[in-house]
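Here are a few exercises to work through with the model open beside you. Try each task before you read its solution.

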Amino acid sequence: MTTDQTLVPLRSTHSLPVVFGAGAAIGVLGGMIGLGGAEFRLPLLISLFGFAALSAVILNKAMSLVVVITALPARLTAVSASEMAGHWPVAVNLLAGSLLGAWAGASWAVRMRSTALYKVLAALMVLMAAALLFTHFSALRMLDLPLGIQVPLGVVAGFGIGVVAAIMGVAGGELLIPTVVLLFGQDIKTAGSLSLLVSLPTMLVAFARYSRDGSFAVLGANRRFTLVMVAGSIAGAVLGGLLLGVFPDMVLIPALVVILLISSVKLACHD
């Protein structure tokens, strides 16, 4: 177990309007690019609200879980459940790796020293920035691999995504969507829905693993904080969805990448 809980107060003392506003800002950022925004929430939990690394990851995971559950019904209106059922082999292929990766990633996170976890999170923020650039500015096409390579590669990719999602407390859509497109040849809309279906059980596994650690107490101590930030995130995501297309990708995506890179530097330098 890390020493997170000895580094900062267990309970946030920030006012609820500030918490809601921060959640809304994150939701807007995520909504404008069609993602949940958890990668932006994590550094905010650490830098603005003062949570140590593992505490922030656990809170981020809880909020991401609620956001994904909320987003699923809305997503099924765009891509029907019957259509999703036709793609179950893709979800099963990725889940075969991601469930194991989620358990492993959460296990590693709770055993890391806080200083090491900050540096790992900083490196993963850079990975998320690269994934954001790749997804929006690359012409994603199926790699057209033989089934004997595609299936094990899907398991390996799922494992890696599960690890990253567990350690950062995110849903992992930034990595799942391009993986589904490249490995399985699905369009972006279908890939987005499949990513939610894979994310939900993957997040539940990581959440279950975190619940066995003493640091999980931060969630109970900050229940109101969590609910208010989730409410702000959902409201912001709706607004961000309405703003979709208002800002061109050539401006928006580089700006968000800069935010992620600045956040990574701050995390890397965190004591």
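Helices here are DSSP runs of H or I with at least four residues, numbered from the N terminus. The model is predicted, so local features need pLDDT of at least 70 and side-chain atom pairs count only at pLDDT 80 or more, while totals for chains, interfaces and linings use all residues. Residues are numbered from 1 along each chain as its sequence is written, and side-chain values use heavy atoms, with hydrogens and water left out.

**Exercise 1. Find the helix that holds Ala 217, and decide how exposed Ala 217 is.**

Step 1: Ala 217 sits in helix H10, which covers residues 217-221.
Step 2: Get the cut-offs straight: buried is under 20% relative accessible area, exposed is over 50%, and partly exposed is in between, with a 1.4 Å probe and protein chains only.
Step 3: Ala 217 has a relative accessible area of 42%, so it is partly exposed.
Step 4: For a sense of place, go to Gly 101, which is 116 residues from Ala 217 along the chain; their C-alpha atoms are separated by 23 Å.

**Exercise 2. Place Lys 61 and say whether it is buried or exposed.**

Step 1: Look in helix H3, residues 53-78, and you'll find Lys 61 there.
Step 2: Its relative accessibility is 1%, so Lys 61 counts as buried.
Step 3: Now check Tyr 210: from Lys 61 it is 149 residues apart in sequence, yet 9.4 Å apart in space, C-alpha to C-alpha.

**Exercise 3. Work out how H1 and H2 pack, then how H2 packs with H6.**

Step 1: Two packed helices are described by the angle between their axes and the distance between the axes. Axes are lines fitted to C-alpha atoms, for helices over the stretch in contact, and angles run from 0 to 180 degrees between N-to-C directions.
Step 2: For H1 and H2 the angle is about 155° and the axes are 9 Å apart. That makes H1 roughly antiparallel to H2, given that angles over 145 degrees count as roughly antiparallel, under 35 as roughly parallel, 65 to 115 as roughly perpendicular and the rest as oblique.
Step 3: H2 and H6 pack at about 150°, with axes 11 Å apart, so H2 is roughly antiparallel to H6.
Step 4: For handedness, a crossing is left-handed if the near helix is turned anticlockwise from the far one by less than a right angle, and right-handed if clockwise. H1 and H2 cross right-handed, whereas the crossing of H2 and H6 is left-handed.
Step 5: How covered is H2? Of its 10 residues (38-47), 8 are buried, including Phe 40, Leu 42 and Ile 46.

**Exercise 4. Do the same for H1 and H12.**

Step 1: Helix H1 (residues 16-33) and H12 pack at about 135°, with their axes 11 Å apart.
Step 2: H1 and H12 are therefore oblique to each other.
Step 3: The crossing of H1 past H12 is left-handed.

**Exercise 5. Which loop holds Asp 144, and what is odd about its phi?**

Step 1: Asp 144 is in the loop between H6 and helix H7 (147-168).
Step 2: Its phi is positive, about 55°, although Asp 144 is not a glycine.
Step 3: With a relative accessible area of 64%, Asp 144 is exposed.

**Exercise 6. Where is Val 251, and is it buried or exposed?**

Step 1: Val 251 belongs to helix H12.
Step 2: Its relative accessible area is 51%, so Val 251 is exposed.

Conventions: Helix = DSSP H or I, 4+ residues; strand = E, 2+ residues; numbered from the N terminus.
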